[in-house]
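User: Hello! I am new to this structure and would like a friendly tour in questions and answers. Could you show it to me and then take my questions one by one?

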Amino acid sequence: MLKHTLIHPKINEVLGRCGHHSKILIADGNYPASSTLGPNAELISLNLMPGVVNCTQVLEALLSAIPIEAANTMGIPADDPYALGGDPPIWGEYRSLFKKNKLKVELKPIQKWEFYDAVASRDHVLTIQTAEQALWANLLLTVGVRKS
């Protein structure tokens with residue numbers, strides 16, 4: 001029996017094969033997931049209806065199962081309203097989950113096209129498409145090293 005809370009069989013299968021530096025994308029409901037997969041990546045669609053399943057729920061499940069060493073969000077262009085008003089609220093939710101799980105991981109935005117390039121890399125092993133409605137919710141995780 002699994003000790004962590006993640007029970008999705010296909011996600012567990014992919015996570016079991018990934019290693020240090022593997023990349024996992026938690027994609028929001030607007031992300032073009034099917035056309036941006038890396039050459040070694042699998043796509044799992046959890047978008048049942050708007051808001052179900054959301055990005056924070058997926059992040060919480062993943063944090064119970066794997067070590068994370070880095071987290072990247074898609075950078076916000078200077079002409080977007082969020083660029084003037086601070087971070088999108090969902091980024092605070094991600095930070096809270098990292099803190100709750102005692103992770104010293106900082107969210108690091110990378111510009112849109114660099115983000116797409118990072119997702120298209122050979123290290124990308126999994127995209128989990130959610131039905132998240134929050135803006136700027138895409139989160140690219142880098143798997144860390146398991147510590148005993």
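**Charged pairs, core and rings**

Analyst: Welcome! The structure holds six salt bridges, a salt bridge being a side-chain nitrogen of Lys or Arg within 4 Å of a carboxyl oxygen of Asp or Glu. This is a predicted model, in which local features need pLDDT of at least 70 and side-chain atom pairs count only at pLDDT 80 or more, while totals for chains, interfaces and linings use all residues. Residues are numbered from 1 along each chain as its sequence is written, and side-chain values use heavy atoms, with hydrogens and water left out.

User: Which residues form one network through salt bridges that share partners?

Analyst: Let us start with Lys-10, whose side chain meets that of Glu-13 in a salt bridge (3.4 Å, N to O). Both residues lie in helix α1, three residues apart, about one turn of the helix; helices (H or I, at least four residues) and strands (E, at least two) are DSSP runs, numbered from the N terminus. Glu-42 also forms a salt bridge with Lys-10, at 3.5 Å between the closest N and O atoms, and this pair links strand β2 to helix α1 across 32 residues. Through shared partners, the network joins Lys-10, Glu-13, Arg-17 and Glu-42.

User: How many residues apart in sequence are the parts that Lys-100 and Glu-60 tie together?

Analyst: Lys-100 forms a salt bridge with Glu-60, and their closest N and O atoms are 3.2 Å apart. Lys-100 counts as exposed at 57% relative accessibility, whereas Glu-60 is partly exposed at 38%; buried means under 20% relative accessible area, exposed over 50%, and partly exposed in between (1.4 Å probe, protein chains only). Lys-100 lies in helix α4 and Glu-60 in helix α2, so the pair ties together parts whose separation in sequence is 40 residues.

User: Which element gives the largest share of the largest nonpolar core?

Analyst: A nonpolar core is a set of buried Ala, Val, Leu, Ile, Met, Phe, Trp, Tyr and Cys residues joined through side-chain atoms within 4.5 Å. The largest one has 43 residues, and those with the most contacts inside it are Leu-62 and Tyr-94. The elements giving two or more residues to this core include β1, α4 (89-100) and β6 (139-143). The largest share, six residues, comes from α2.

User: Which aromatic residue pairs with both Tyr-31 and Trp-113?

Analyst: The whole structure has three aromatic pairs; rings of Phe, Tyr and Trp (its six-membered ring) pair if their centres lie within 6.5 Å, and planes under 30 degrees apart count as stacked, over 60 as edge-to-face and the rest as tilted. One tilted pair joins Tyr-31 to Tyr-116, with 5.6 Å centre to centre and 40° between the planes. Another tilted pair joins Trp-113 to Tyr-116, at 5.3 Å and 45°. The residue found in both pairs is Tyr-116.

User: Is Trp-113 buried or exposed?

Analyst: Trp-113 and Tyr-116 are three residues apart in helix α5, so about one helical turn separates them. Tyr-116 is buried, with a relative accessible area of 18%. Trp-113 has a relative accessible area of 61%, which means that Trp-113 counts as exposed.

User: How far from the sulfur of Cys-18 is the nearest cysteine sulfur, that of Cys-55?

Analyst: A disulfide is a pair of cysteine sulfur atoms within 2.5 Å, and the search of the whole structure finds zero disulfides. Cys-18 is in no disulfide, and the distance to the sulfur of Cys-55 is 18 Å.
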